[in-house]
Amino acid sequence: MASKEQLKLVGLTCNHYSSSGMTASIINYGRSCENCEKWDGKKCTINVFDKTLAGLDQG
Ligand code: SF4
C-alpha cells in the first residue's frame, strides 16, 4: 500500500489525474490520488500509479 506522501506526489504530477468533484477538499488539501476519480480506495483503476511513481524516482 502506498503512503499518503506517495499518493500526494503522484496526484500532483499524474497526467491522468481527474478530480472526482470534491473541489473543496482539493483546494484545502491539494491534489492526491485519494481525490482522483480513478482511485478506487486502494489502487489506481487505470494502473498508472506505479509508472508515475517510478518516473518521480528518477527526478
Ligand atoms: S489514481 Fe491513478 S490516474 Fe488518478 S492521480 Fe493517481 S495514478 Fe493518476
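The exercises below, each with a worked solution, concern a predicted model of a protein chain with a ligand.

**Exercise 1. Fold outline**

State how many helices and strands the chain has, and give their pattern along the sequence.

Solution. Begin with the counts: the chain contains 3 helices and 0 strands. Reading along the sequence then gives the pattern α-α-α.

**Exercise 2. Burial, surface and contact range**

Find what share of the chain is buried, how much area the chain exposes, and what share of the contacts links residues 24 or more positions apart.

Solution. Step one is burial: of the 59 residues in the chain, 31% are buried. Step two is the surface: about 4,200 Å² is exposed, and 53% of that area comes from carbon and sulfur atoms. Step three is contact range: among contacts with a separation of 6 or more, 39% are between residues 24 or more positions apart.

**Exercise 3. The ligand shell**

List the residues around the ligand, sort them by class, and say which cavity the ligand takes up.

Solution. The residues surrounding the ligand are Val10, Gly11, Cys14, His16, Tyr17, Cys33, Cys36, Lys38, Trp39, Cys44, Val48 and Phe49. Sorted by class, this shell has 9 nonpolar, 2 polar and 1 charged residues. The ligand occupies the space of the largest cavity.

**Exercise 4. His16**

Locate His16, decide whether His16 is buried, partly exposed or exposed, and list its contacts beyond four places in sequence.

Solution. His16 lies in the loop that runs between α1 (4-13) and α2 (23-29). Its relative accessible area is 39%, so His16 is classed as partly exposed, given that this class runs between under 20% for buried and over 50% for exposed. Leaving out neighbours within four places, His16 contacts Cys36, Lys38, Ile46 and Val48. For one of these, Cys36, the C-alpha to C-alpha distance from His16 is 8.9 Å, at a sequence separation of 20 residues.

**Exercise 5. Two buried residues**

For Ser32 and Thr52, give the position in the chain, the accessibility and the contacts beyond four places in sequence.

Solution. Take Ser32 first. Ser32 is in the loop between α2 and α3. Its relative accessible area is 4%, so Ser32 is buried. Not counting residues up to four places away, Ser32 touches Leu7, Lys8, Gly11 and Tyr17. Two of these contacts, Gly11 and Tyr17, also belong to the residues surrounding the ligand.

Now take Thr52, which sits in helix α3 (residues 49-57). Thr52 counts as buried because its relative accessibility is 18%, and the cut-off for burial is under 20%. With the same exclusion of residues up to four places away, Thr52 touches Val10, Thr13 and Cys14. Of these, Val10 and Cys14 are also among the residues around the ligand.

How values were computed
Residues numbered from 1 in each chain as written. Predicted model: local features only at pLDDT ≥ 70, side-chain atom pairs only at ≥ 80, totals over all residues. Heavy atoms only, no water. Near = heavy atom within 4 Å. 1 Å grid on protein atoms, 1.4 Å probe; cavity = no way out; pocket = protein on both sides within 12 Å on 5 of 7 lines; lining within 4 Å. Sits in = over half its atoms within 2 Å of the grid points. Nonpolar A, V, L, I, M, F, W, Y, C, P; charged D, E, K, R; others polar. Helix = DSSP H or I, 4+ residues; strand = E, 2+ residues; numbered from the N terminus. Buried < 20%, exposed > 50% of the residue type's maximum accessible area, 1.4 Å probe, protein only. Contact = heavy atoms within 4.5 Å. Areas by Shrake-Rupley, 256 points an atom, 1.4 Å probe, with all protein chains shown as cover.
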